[in-house]
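Q: Please take a close look at the salt bridges in this structure. Which parts of the chain do they bring together?

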Amino acid sequence: MHRRHQRPRGIRIGGGSRHNGPVSTTSLPSPDRAAELRTALLAAGFTADGLLDLLGAPAYAALARSETVPALRATRGPGDGPLASLVRLFLLQQPEPYENAARALPVEAALADGWLRREGDELHATVDVRPYGGPDGEDWFIVSDLGCAVGGAGGIGSREEGVVLGVGGASTTLAGITVRTPVGSALDLGTGSGIQALHAAQHATRVTATDVNPRALDFTRLTLALSGAQEAELLQGSLFEPVGEATYDLIVSNPPFVISPGARLTYRDGGMGGDDLCRTLVQEAGAHLNPGGYAQFLGNWQHVEGEDWHDRVRAWVPRGCDAWIVQRDVQDVTQYAELWLRDAGDHRTDPAEYARRYEDWLDEFEARKTRAVGFGWITLRRSDAAEPSIVVEEWPHSVEQPLGDAVVAHFARQDYLRDHDDAALLEARFVLAAEVVQEQVGAPGAEDPEHVVLRQNRGMRRATKVDTVGAGFAGVCDGSLTAGRILDAIAHLVQEDPVVLRDRTPGAIRVLVEQGFLEPAEG
């Protein structure tokens with residue numbers, strides 16, 4: 001199919017998240033003939049690319065914002081064919097005439113297996129089916145409850161305890177930062193609709209998915225089957241309890257990390273006090289990692305009065321593990337409470353009830369002396385190093401997804417720096433990373449810049465300020481000379497004692513290596 005528009009892989013297709021009907025908690029479709037249904041969906045062009053072609057970029061983007069009217073308009077008219085019928089059925093949750101649906105689907109099989117239900121001459125979808133583009137062009141489908149395609153702070157307003165959401169921003173973020181090297185075993189803890197298990201199935205020989213909600217496991221089974229992926233081992237239970245003492249090469253989790261009073265909603269509220277669920281998850285992960293294995297989570301953590309949040313999350317890291325913890329956002333307690341009250345639809349309830357719930361959140365935070373809540377990524381790698389590397393930082397700026405390779409490179413740099421003292425660094429050779437550019441900042445017309453900035457155009461897209469020596473050093477790093485020889489040459493140019501320069505510069509080199517501006521030269 002000719003692609004008139006370019007769309008990013010792994011995009012979530014929203015829409016339907018303002019569904020007014022009740023979330024179905026009845027029996028779910030059978031996956032037995034999912035392959036037949038998948039063939040029909042693909043034949044009709046019910047893919048992320050197919051939707052973009054049918055709807056056009058504006059309506060496609062509106063659907064990702066849960067606005068359905070432009071997409072509904074785009075499915076009317078002379079081009080109303082099988083693909084338009086599928087969009088109305090599964091994305092917009094509109095009733096569709098039997099004869100129209102029959103042009104796109106094996107209708108009787110879909111009815112018998114429970115994907116559709118019939119009312120007179122009209123058919124209705126029983127679950128939400130969303131096209132999802134895999135990282136290498138795969139055509140996948142995410143199955144979730146009706147009206148719940150967008151997961152996390154999407155304002156779905158459902159009070160159903162067992163509701164299973166689809167793919168939200170948190171889900172795609174985790175999928176993007178996950179290390180994708182081939183592994184023997186992977187664990188998706190708190191699988192939901194199965195998006196992380198689906199990704200893991202592409203590079204793991206064996207995938208295990210767990211969830212405290214048995215309906216989530218059923219939805220994961222449907223997602224994997226309809227996407228043509230290998231089956232996973234599905235286990236019910238909380239945290240690591242379902243897997244016993246099993247260990248894995250990769251553990252991923254987008255847990256119910258919301259810090260809330262009580263545990264009203266299984267899909268988001270952890271049921272433990274404060275940030276205890278995230279802390280427990282991180283602390284227990286180390287015992288379930290194989291040597292060299294990665295555990296990657298999203299999480300929230302409290303900013304408590306009189307305590308440095310860096311120290312708080314650093315204390316979570318289990319023995320034997322290196323860690324990279326990145327805070328991406330922080331909200332004061334009022335912003336945080338409002339965000340998740342909207343997610344539960346409480347802003348649409350009686351004002352007095354909304355105010356009471358708001359008070360409950362603020363009372364909880366006040367009791368715990370919590371002033372703000374941070375959100376970010378936590379990556380562990382089991383290294384069993386005598387001196388583990390634990391990096392905790394705040395980086396709210398834009399990054400380039402996917403970041404899996406950048407995560408691997410980060411820990412490789414930590415290994416290198418752990419194995420090289422200052423003397424060894426001076427004897428090493430480095431190259432400036434290919435994506436780094438230099439910017440000079442200063443007043444127009446000034447003879448010399450006020451400062452020099454090195455900036456990455458890939459990965460974390462970091463920027464760091466360097467002095468004249470640092471800029472000159474980085475600029476000539478091509479792998480041909482040792483760091484010490486370069487510093488000697490710079491000392492001669494700036495008329496500085498080379499011994500003094502060698503003594504004070506390794507710390508700056510270490511920072512440039514740690515942040516990925518300089519790479520050790522091969523050989």
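A: What follows goes through the salt bridges of this predicted model.

Side chains of opposite charge can pair when their charged atoms come close. In this model the count of salt bridges comes to 31.

One of them is formed by D343 and R268, whose closest N and O atoms are 2.8 Å apart. D343 belongs to helix α13 (residues 333-343), while R268 sits in the loop between β9 (248-253) and α11 (276-285), so this pair ties together parts that are 75 residues apart in sequence. D343 and R268 are both buried.

E393 and R462 form another salt bridge, with 2.7 Å between the closest N and O atoms. Strand β13 holds E393, and R462 is in the loop between β16 (451-456) and β17 (463-466), so the pair ties together parts 69 residues apart in sequence. Here too, E393 and R462 are buried.

R455 pairs with E439, and their closest N and O atoms are 2.8 Å apart. This salt bridge links distant parts of the chain, with R455 in strand β16 and E439 in strand β15 (residues 436-441), 16 residues apart. R455 counts as partly exposed because its relative accessibility is 31%, and buried would mean under 20%. E439, at 29% relative accessibility, also counts as partly exposed.

Salt bridges can also share partners: D346, E353, R356, R357 and D360 are joined into one network in this way.

How values were computed: Residues are numbered from 1 along each chain as its sequence is written. This is a predicted model: local features need pLDDT of at least 70, side-chain atom pairs count only at pLDDT 80 or more; totals for chains, interfaces and linings use all residues. Side-chain values use heavy atoms; hydrogens and water are left out. A salt bridge is a side-chain nitrogen of Lys or Arg within 4 Å of a carboxyl oxygen of Asp or Glu. Helices (H or I, at least four residues) and strands (E, at least two) are DSSP runs, numbered from the N terminus. Buried means under 20% relative accessible area, exposed over 50%, partly exposed in between (1.4 Å probe, protein chains only).
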